[in-house]
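This report describes the architecture of one protein, beginning with its internal space and proceeding to its core, its helix packing and its backbone geometry.

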Amino acid sequence: MAVKSARRVNPSQKRSSKASNIKLFKNPKVAFAFALLLCDAVLVALIIAYVPYTKIDWDAYMSQVSGFLDGERDYSNLKGDTGPLVYPAGFLYFYSAIQYVTGGEVYPAQILFGVLYIINLGILLFIYGKTDVVPWWAMSLLCLSKRMHSIFVLRLFNDCLAVMLLHASLVSLLHQRWHLGLIIFSGAVSVKMNVLLYAPPLLLLMFKAMNIGGVISALSGAALVQILLGIPFIMSHPFAYISRAFNLGRVFIHFWSVNFKFVPEAIFVSKAFAISLLIAHLGLLTAFAHYRWCMHEGGLFKFLYSRLDPIKLKLALTSSFSLKKSYNSHSSIKVLRKEYIVTTMFVGNFIGILCARSLHYQFYSWYFHSLPYLLWKTPFPTLLRVMLFIGVEFCWNVYPSSLYSSALLLCLHLVILVGLWSAPPEYPYVDNKALIEDKGK
C-alpha cells in the first residue's frame, strides 16, 4: 500500500497568504488597474471591428520582411513602398514572426497588435503602481488617447513593439535586474533606434547601481545582442547594414513634422538647426544630471570621478569579464529607489523628445505613456496638469500639423520641462529598512 506524502503547510502562513491576496485586491489602485485593462480591451476590440484600417507602413514592412526571408542580406536591397529599410535587424526578426503568425494579413495583425497594446498597458500600470506617484484615478489618462489607439491597432507601427520592450526592460530595472534589463533594452533598440533616447539616463543609473565591472559586463551583453542579430548582414554587407540601420543623420520631411512645423523649411533641414538641437539636448541632460539626478552625490562630475577613479577603474577592468564577479560587482553599491529610476528614465527621454528635430505622428508613442507620471512630478496644481495633458493630446490630433499646433506643442513641452526642473531633487537610494520591507513583499 502506497503512502501519500505531502508537504505540510503552516496554517499561519496560509492565513497570511490569503490575507495578503485580499489586501492586494482591496487596494484601489490594483482594482482600478484591472478595470482599466478590461475596459480598454473592449475599446480596442471595438476599434478593430468598426474603425477602418489606415494603410501606411504595413505593406512596406511586409515587402522588406519578404526580401529578407527570400535570402536577401544586402540592406541596400531591402525596400518597400515607403523606401529603403532603415531599422536594425531585430525589426526583421520580429516582423518575420508577425508575418508567420498573421500570414501577412492586416486583420489578424490588428488583433495581435491589440494584444500588444493591452500587454504594454499592463506593464505600464505595474510601473505606475510600483512608483506610487500618480493617483489611482489619473492612471485612466493612459487609456484616453485617440492617437495612441490609432498608432497601435490602425497603423501597426514598429514603434509599438519597441516601446513595449522598453517598458519591459524598465520593469527589470525596477527589480534591480540590470543585466536582463540591458538585454531587453538592446532588443528594443534593434526594433527602432528611438529607444536610444533613454540611453544617457540609463547609463547614469547603471553607474549608480553597479561598479565599473558590472557596467562593462551589462553593456557587453547589450552589445552582444546587437552583434548576434546583425551577423547575417554584417558578414555579407557590413557597410550597407551599419550605414542604413544605424543612420543618425537622417533628415525628415518638413511637412510631417508635428513639433517644428512653424520653423521655415530652409532652417528645418539645415545642419545648423540640427547641431543647435543636439547642443540643447546635451546641455539639458548635463544640467539635469548635475543639479537634479546627482545632487546628493555633490554633482555629476564629482559622482563620475568617484566611479571612474583611475585605481578603481584599473581593478574593475581586470575583473570585468569574470562572470561571477560581474554579477556580484554591485553588491556593495546602494540599491536605487524605484521612483528615482523611473523619474530619471522618463525625464531623460522627455528631454530627447523636446530636442528632436522632427516628431512624426507615430513618435507620440515614444513618450505618451510617461506624460501622466511626468506631470505629477511637477509642482503644478492638478487642474493645470490635466490641462497640459489635454493640450498635448490635442496637438497630436491636429492633422496635418500646422504652424500653430506645432508651436503650441513646443510651448507645452517647455512648460512641462520647467515644472520638472522646479521639482525638488529625489534622493536616489533605498535605506536598509525600506530594502528589507521590499524584499519581504
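Which helix gives the most to the lining of the largest cavity? In this predicted model, that helix is α5, residues 106-131, which contributes four residues to the lining.

**Cavity**

A search of the whole structure finds one cavity of 30 Å³ or more. The space within the largest cavity amounts to about 40 Å³. Its lining consists of Tyr 117, Asn 120, Leu 121, Leu 124, Leu 142, Met 148, Phe 368 and His 369. By residue class, six of the lining residues are nonpolar, two are polar and none is charged.

**Overall fold and core**

The protein contains 21 helices and two strands. Of its 441 residues, 51% count as buried. Among contacts between residues at least 6 apart in sequence, 79% join residues at least 24 apart.

The largest nonpolar core comprises 132 residues, and within it Tyr 75 and Trp 178 touch the most other members. Helix α7, residues 158-174, gives the most to this core, with eleven residues.

With residues up to four places away in sequence left out, the contacts of Tyr 75 are Leu 85, Tyr 87, Pro 88, Ala 89, Leu 92, Phe 233, Ala 240, Tyr 241, Arg 244 and Ala 245.

**Packing of helix α11**

Helix α11 spans residues 238-245, and its residues Ala 240, Tyr 241 and Ala 245 are buried. Viewed down the axis of α11, the buried residues fall within an arc of 100°, so they line one face of the helix. These buried residues pack against α4 (89-102) and α10 (212-236). Ala 240, Tyr 241 and Ala 245 are also among the residues that Tyr 75 touches.

**Val 392 in helix α19**

Val 392 is located in helix α19. The residue counts as buried because its relative accessibility is 0%, and burial requires a value under 20%. Outside the four places on either side in sequence, Val 392 touches Tyr 364, Tyr 367, Leu 371, Leu 409, Leu 412 and Ile 416. Val 392 and Cys 411 are 19 residues apart along the chain, and their C-alpha atoms are separated by 9.8 Å.

**Backbone geometry**

Most residues other than glycine have a negative phi, and most peptide bonds are trans. Three sites depart from these general patterns, as tabulated below.

| Site | Backbone feature | Location |
|---|---|---|
| Asp 132 | phi near 60° | loop between α5 and α6 (146-153) |
| Leu 156 | phi near 60° | loop between α6 and α7 |
| Tyr 399 and Pro 400 | cis peptide bond, omega about -10° | Pro 400 in the loop between α19 (382-396) and α20 (403-422) |

Are Asp 132 and Leu 156 buried or exposed? Asp 132 counts as exposed because its relative accessibility is 55%, and the exposed class begins over 50%. Leu 156, by contrast, is buried, with a relative accessible area of 0%. Positive phi values thus appear both at the exposed Asp 132 and at the buried Leu 156.

Technical notes. Residues numbered from 1 in each chain as written. Predicted model: local features only at pLDDT ≥ 70, side-chain atom pairs only at ≥ 80, totals over all residues. Heavy atoms only, no water. Buried < 20%, exposed > 50% of the residue type's maximum accessible area, 1.4 Å probe, protein only. Arc of directions from axis to C-beta. Contact = heavy atoms within 4.5 Å. 1 Å grid on protein atoms, 1.4 Å probe; cavity = no way out; pocket = protein on both sides within 12 Å on 5 of 7 lines; lining within 4 Å. Points joined across faces, edges and corners; volume = space filled by probe spheres on them. Nonpolar A, V, L, I, M, F, W, Y, C, P; charged D, E, K, R; others polar. Core = buried A, V, L, I, M, F, W, Y, C linked by side-chain atoms within 4.5 Å.
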